[in-house]
Amino acid sequence: FLQFGLALLFIPMMLFSCKKPIPKDLNQENLIPKPVSLTATGSSFEWTKNTQINIQTGKEEVREIAAYLADFIAPSTGFKTEIKELKKPLGSRGISLIINENQKDLGEEGYNLIIESKKITLEAFKPEGIFRGVQTIRQLLPAKIESDSLQKGPWLIASGTIMDYPQYGYRGAMLDVVRHFFGIEDVKQYIDYLAAYKMNVLHLHLSDDQGWRIEIKSWPKLTEIGGKTQVGGGKGGYYTQEEYQEIVQYAKERYITIIPEIDMPGHTNAALASYAELNADNKACELYTGTRVGFSTLATDKEITYQFVDDVIRELAAITPGEYIHIGGDESHVTKKKDYIKFVNRVQKIVQSHGKKMMGWADVAAASLDESSVAQFWQTKPENAVKAVKQNVKVIMSPASLAYMDMQYDSLCPLGLHWAGFVPVDKAYNWTLESIVEGIAKKDILGIEAPLWTETVETMDDIEFLVFPRLPGYAELGWSPVENHSWDEYKFRLGMQQERFEFMNINYYKSELIPWQ
Ligand code: TNX
């Protein structure tokens with residue numbers, strides 16, 4: 001009788017506790033990048049099969065973001081989330097994605113997120129802000145939300161409010177698709193990694209000594225010959241203009257801008273091997289599959305060279321909606337200085353004539369830069385970046401010794417180079433954009449970019465090993481206010497990302513510096 005009585009007591013209690021899982025605490029969540037401000041209110045919202053996403057009528061872009069969110073949670077939850085267009089989406093249930101003029105102060109990418117036990121309200125001035133806020137919702141869901149197979153709930157989101165916006169408008173990564181070629185599926189995967197950490201730029205390094213990776217219809221041999229190989233002699237590859245546009249579109253749907261780079265006048269062996277007339281001696285050189293730098297140059301005093309540059313930039317500008325075209329300009333060691341300056345000045349005009357702004361590695365500051373141009377600081381010595389700022393040009397911070405994801409973590413690291421030193425995960429995080437170069441202040445800086453050169457990188461697994469876990473740190477340096485950065489606190493948040501990395505099938509480097517969960 002006693003057993004029966006206890007059972008009577010416990011069964012309803014168990015049922016009750018199944019219905020009401022223990023609330024999560026928003027303060028204990030491990031968001032990267034860390035939001036500007038956050039207040040916990042001690043209960044949870046549960047995403048169930050009946051949860052709907054509400055949007056305002058006529059907001060087509062927001063509908064697409066709602067569909068992205070619904071698609072994202074579908075494989076792991078099994079839910080078919082309904083998207084409802086309401087005149088007043090501030091209903092009492094579900095998740096409302098709202099464009100609101102009143103959020104203007106939070107800027108293009110800022111958002112306000114209010115999580116209550118019965119509803120979630122995500123408000124922003126622009127769809128960009130809604131998309132960034134959706135990434136916050138994503139990180140507040142249990143890590144298994146990242147799985148592509150069905151998982152068990154409950155799908156709780158801790159309640160409270162988050163007000164958030166980025167410090168810098170440019171938060172990017174670069175992928176070198178020349179030294180080793182990566183197809184569009186890999187590039188899309190890379191874009192998804194950037195999106196998850198609220199990054200908004202992917203710089204694609206599309207030409208170099210070892211290859212030419214973008215179809216140029218007026219100069220077809222660039223890809224027919226120049227696209228045929230890569231470091232180590234593999235088969236290389238290239239994107240047709242249609243494929244490139246597919247990448248641009250995929251990135252756009254994630255509020256990421258593609259910045260294409262055609263590196264010149266140095267780093268041009270692949271072009272020089274494809275067209276004899278681009279060489280000073282009119283002889284095509286051999287294709288190159290090694291890893292040396294600084295040995296090639298376009299013939300800067302031939303008119304055909306500028307015809308070539310104009311055609312390439314024109315075709316590229318026509319399929320690139322972003323405002324920048326990157327012209328490289330680094331390590332032109334065999335171009336005479338006066339020729340280099342003349343070349344960059346002329347190319348800057350060509351870029352502008354096609355309605356774009358010029359971006360270049362900071363070496364371009366030797367030339368006369370227009371204030372609309374942008375210099376990317378990469379060298380271990382900052383003189384060139386300082387020279388750019390003196391010309392009122394804005395800079396992107398990519399210091400090799402801190403932000404190069406192709407630098408080895410340590411001397412035992414099986415992949416990567418170390419010409420700028422080792423970059424362990426703490427070193428990668430422990431710096432600020434505005435205090436790294438004397439004479440360059442926050443007002444001179446557009447943001448951060450973490451490049452990945454691929455001399456030693458052959459597969460997506462290799463990419464992931466060098467990118468994770470450093471990338472989330474770069475995202476935080478660009479997004480979160482300086483007073484929110486602390487390695488001692490960040491490393492625990494990063495450790496908590498482990499379960500997410502596992503569900504995402506990321507081949508991350510298990511650095512001993514991080515207290516993995
Ligand atoms: C220098 S960084 C280069 C690249 C190499 C890289 C390797 C820069 C602007 N140029 O050509 O791939 O080092 O880390």
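**Helix packing, ligand shell and backbone features**

Helix 4 and helix 6 run roughly parallel to each other, because the angle between them falls under 35 degrees. In this predicted model, helix 4 spans residues 184-196 and helix 6 spans residues 241-252; the two pack at an angle of about 15 degrees, with a separation of 10 Å between their axes. Their crossing is right-handed. On the side of helix 4, the contact is formed by I184, V187, K188 and I191, while helix 6 contributes E243, E246, I247, Y250 and A251. Classified by side chain, the residues of this contact comprise six nonpolar and three charged, with no polar residue.

A second packed pair is found in helix 2 (residues 60-77) and helix 3 (residues 127-140), whose axes come within 10 Å and cross at roughly 15 degrees. Helix 2 is therefore roughly parallel to helix 3, and the crossing of the two is right-handed. Helix 2 supplies E61, V62, I65, L69 and F72 to the contact, and these are met by P127, I130, F131, V134 and R138 of helix 3. The contact of helix 2 with helix 3 contains eight nonpolar and two charged residues, and no polar ones.

A third pair is made up of helix 8 (residues 303-318) and helix 9 (residues 337-353), which pack at an angle of about 35 degrees with their axes 9 Å apart. The crossing of helix 8 and helix 9 is also right-handed. Y306, V309, D310 and I313 represent helix 8 in the contact, and R346, V347, I350 and V351 represent helix 9. Six of the contact residues of helix 8 and helix 9 are nonpolar and two are charged, whereas none is polar.

With respect to annotation, an unreviewed UniProt entry places the feature "domain: Glycoside hydrolase family 20 catalytic" at residues 168-481. Over residues 168-481, helix accounts for 32% of the chain and strand for 16%. The C-alpha atoms at the two ends of this segment are 9 Å apart.

The ligand is surrounded by V293, D330, E331, W361, W378, Y404, D406, L417, W453 and E455. By class, this shell consists of six nonpolar and four charged residues, and polar residues are absent from it. The charged members are D330, E331, D406 and E455. The nonpolar members are V293, W361, W378, Y404, L417 and W453.

Several backbone features were also identified in loops. The peptide bond from G153 to P154 adopts the cis form, with omega near 0 degrees. P154 is located in the loop that links helix 3 to strand 7 (155-164). A cis peptide bond also joins F468 and P469, for which omega is about 15 degrees. P469 belongs to the loop between helix 13 (460-467) and helix 14 (471-479). In addition, K198 has a positive phi, near 65 degrees, although this residue is not a glycine. K198 lies in the loop between helix 4 and strand 9 (201-205).

Note on methods
Residues are numbered from 1 along each chain as its sequence is written. This is a predicted model: local features need pLDDT of at least 70, side-chain atom pairs count only at pLDDT 80 or more; totals for chains, interfaces and linings use all residues. UniProt positions are given in the numbering used here, feature names are shortened, and annotations may be inferred rather than shown by experiment. Helices (H or I, at least four residues) and strands (E, at least two) are DSSP runs, numbered from the N terminus. A residue is near a molecule or strand if its C-beta atom, placed from the backbone, lies within 6 Å of it. Axes are lines fitted to C-alpha atoms, for helices over the stretch in contact, and angles run from 0 to 180 degrees between N-to-C directions. Angles under 35 degrees count as roughly parallel, over 145 as roughly antiparallel, 65 to 115 as roughly perpendicular and the rest as oblique. A crossing is left-handed if the near helix is turned anticlockwise from the far one by less than a right angle, and right-handed if clockwise. Two residues are in contact if their C-beta atoms, placed from the backbone, lie within 7 Å.
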